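Let's take a walk through a protein model and see how its pieces sit together. Have a look at the picture first, then read on.

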Amino acid sequence: MSSSRRSRQASSSSRISDDQITDLISKLRQSIPEIRQNRRSSTVSASKVLQETCNYIRNLNKEADDLSDRLSQLLETIDPNSPQAAIIRSLINE
């Protein structure tokens, strides 16, 4: 079997079907609060769902960074040997 034929078979077996894409978009619709709160969420296009998903993930990353910064600042104000400091360090390192 030629290598090009094998690569075509491998890529076709790893492709996602239209039904799978529809199912994944539906799951994203249910998972993203901004879309879920919209009464007409079933009419939101797949493109809009993906865009909102990206925005949501960016916002979650920003919130995580902000919380990490706040924990780092808090850690600087308490006794480094205290149990609270150990908890904060474990949260920052996760």
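What follows goes from the whole chain down to a few single residues.

**The big picture**

Keep in mind that this is a predicted model. The chain has five helices and zero strands, so if you trace the elements from the N terminus on, you read α-α-α-α-α. How much of the chain is buried? Of its 94 residues, 14% count as buried. The accessible surface adds up to about 7,700 Å², and carbon and sulfur atoms hold 50% of that area. Now take the contacts in the chain with a separation of 6 or more: residues 24 or more positions apart account for 12% of them.

**Helix α4 and its record**

Much of this report deals with helix α4, which covers residues 46–77. UniProt, in an unreviewed entry, places a "coiled-coil region" at residues 50–77. In the model, that stretch is 100% helix and 0% strand. The C-alpha atoms at its two ends lie 41 Å apart.

**Two helix pairs**

Helix α4 pairs up with α2 (residues 18–31) and with α5 (residues 83–93). Here are the two pairs side by side:

| Helix pair | Axes come within | Crossing angle |
|---|---|---|
| α2 and α4 | 10 Å | roughly 50 degrees |
| α4 and α5 | 10 Å | roughly 155 degrees |

Let's start with α2 and α4, whose axes cross at roughly 50 degrees. That angle makes α2 oblique to α4, because it falls outside the ranges that count as roughly parallel, roughly perpendicular or roughly antiparallel. The crossing of this pair is left-handed. On the α2 side, the contact is made by Ile25, Leu28 and Arg29; on the α4 side, by Ala46, Val49, Leu50 and Thr53.

Next come α4 and α5, with axes that cross at roughly 155 degrees. Why does that make α4 roughly antiparallel to α5? Angles over 145 degrees count as roughly antiparallel, so this pair fits the label. The crossing of α4 and α5 is left-handed. Helix α4 brings Ser68, Leu71, Ser72, Leu74 and Leu75 to the contact, while α5 brings Ala85, Ile88, Arg89, Leu91 and Ile92.

**Three residues of α4 to zoom in on**

*Leu75.* You've just met this one in the contact with α5, and it is found in helix α4. Setting aside residues up to four places away in sequence, Leu75 touches Ala85, Ile88, Arg89 and Ile92. There's also a distance to look at: Leu75 and Ile87 are twelve residues apart in sequence, and their C-alpha atoms are 9.7 Å apart in space.

*Glu52.* This residue is in helix α4 too. Is Glu52 buried or exposed? Its relative accessibility is 15%, and buried means under 20%, so Glu52 counts as buried. Which residues does Glu52 contact, leaving aside neighbours within four places in sequence? They are Ile32, Glu34 and Ile35.

*Lys48.* Helix α4 is also the place of Lys48. With a relative accessible area of 37%, Lys48 is partly exposed, because that value lies between the 20% cut-off for buried and the 50% cut-off for exposed. Ile35 comes up again here: Lys48 and Ile35 are 13 residues apart in sequence and 9.2 Å apart in space, C-alpha to C-alpha.

Definitions and conventions. Residues numbered from 1 in each chain as written. Predicted model: local features only at pLDDT ≥ 70, side-chain atom pairs only at ≥ 80, totals over all residues. Heavy atoms only, no water. Helix = DSSP H or I, 4+ residues; strand = E, 2+ residues; numbered from the N terminus. Buried < 20%, exposed > 50% of the residue type's maximum accessible area, 1.4 Å probe, protein only. Contact = heavy atoms within 4.5 Å. UniProt positions renumbered as here; feature names shortened; annotations may be inferred. Areas by Shrake-Rupley, 256 points an atom, 1.4 Å probe, with all protein chains shown as cover. Axes fitted to C-alpha atoms, helices over the stretch in contact; angles between N-to-C directions. Parallel < 35°, antiparallel > 145°, perpendicular 65-115°, else oblique. Left-handed = near helix turned anticlockwise from the far one by under 90°.
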